[in-house]
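Q: Please take a close look at one part of this structure and its surroundings, working outward in a connected account.

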Amino acid sequence: MPIKTVLYVSKAAGSRSLHHLRSLVPQARIANQRQDITGVLLFDGRNYTEVLEGPTKAIDALMARIALDRRHSRMRVLSDQRRPGRSYVGFPLTYIYDETRRAL
């Protein structure tokens, strides 16, 4: 069954600490697992880049919540496509913090 895959970027609104994300990521993993969503989140201290994949309805609902989330600003969807399979099988949310990318 084809899945929907979305790649988006956004700026962190205000200062975001690793402490904040350490509490958010486990909650997001549980919620994503319930909705059959997989993906990866990269945070460099200023910007979010995330790939989400799963059932179209679940991805659309999650993207709507993210768009309204005050922790994000300037959200842009870079890719929105249907694919025959997943890239992140078994990963309800892989999280990467890479402060070396701050200058990009």
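A: A strand is here a DSSP run of E of at least two residues, numbered from the N terminus. On that basis S73 belongs to strand β4, which spans residues 72–83, in what is a predicted model. S73 counts as partly exposed because its relative accessible area, 28%, lies between the 20% under which a residue is buried and the 50% over which a residue is exposed. Although S73 and K11 are 62 residues apart along the chain, their C-alpha atoms are separated by 5.1 Å, and K11 is also among the contacts of S73, together with S10 and A13, once neighbours within four places in sequence are left aside.

Turning from S73 to the interior, the largest nonpolar core consists of nine residues, namely V6, Y8, I37, L52, A58, I59, L62, M63 and I66. Two or more of these residues come from each of β1 (3–12) and α2, and α2 gives the largest share, five residues. Within this core, V6 touches L52, I59 and M63, and its contacts beyond four places in sequence also include V77, S79 and D80. A second core, separate from this one, has seven residues, among them L21, V25, F43 and L93.

There is also the largest pocket, with a volume of about 360 Å³. It is lined by 19 residues, of which L24, A28, L62, I66 and R71 are the closest to its centre. At least two lining residues come from each of α1 (18–34), β3 (47–54) and α2 (56–68), with α1 supplying the largest share, five residues. By type, the lining divides into 11 nonpolar, four polar and four charged residues.

How values were computed. Residues are numbered from 1 along each chain as its sequence is written. This is a predicted model: local features need pLDDT of at least 70, side-chain atom pairs count only at pLDDT 80 or more; totals for chains, interfaces and linings use all residues. Side-chain values use heavy atoms; hydrogens and water are left out. Helices (H or I, at least four residues) and strands (E, at least two) are DSSP runs, numbered from the N terminus. Buried means under 20% relative accessible area, exposed over 50%, partly exposed in between (1.4 Å probe, protein chains only). Contact means heavy atoms within 4.5 Å. On a 1 Å grid over the protein atoms alone, a cavity is a set of points where a 1.4 Å probe fits but cannot get out, and a pocket is an open set with protein on both sides within 12 Å along at least five of seven lines; lining residues have an atom within 4 Å of a point. Grid points are joined across faces, edges and corners, and a volume is the space filled by probe spheres set on the points. Ala, Val, Leu, Ile, Met, Phe, Trp, Tyr, Cys and Pro count as nonpolar, Asp, Glu, Lys and Arg as charged, and the others, Gly among them, as polar. A nonpolar core is a set of buried Ala, Val, Leu, Ile, Met, Phe, Trp, Tyr and Cys residues joined through side-chain atoms within 4.5 Å.
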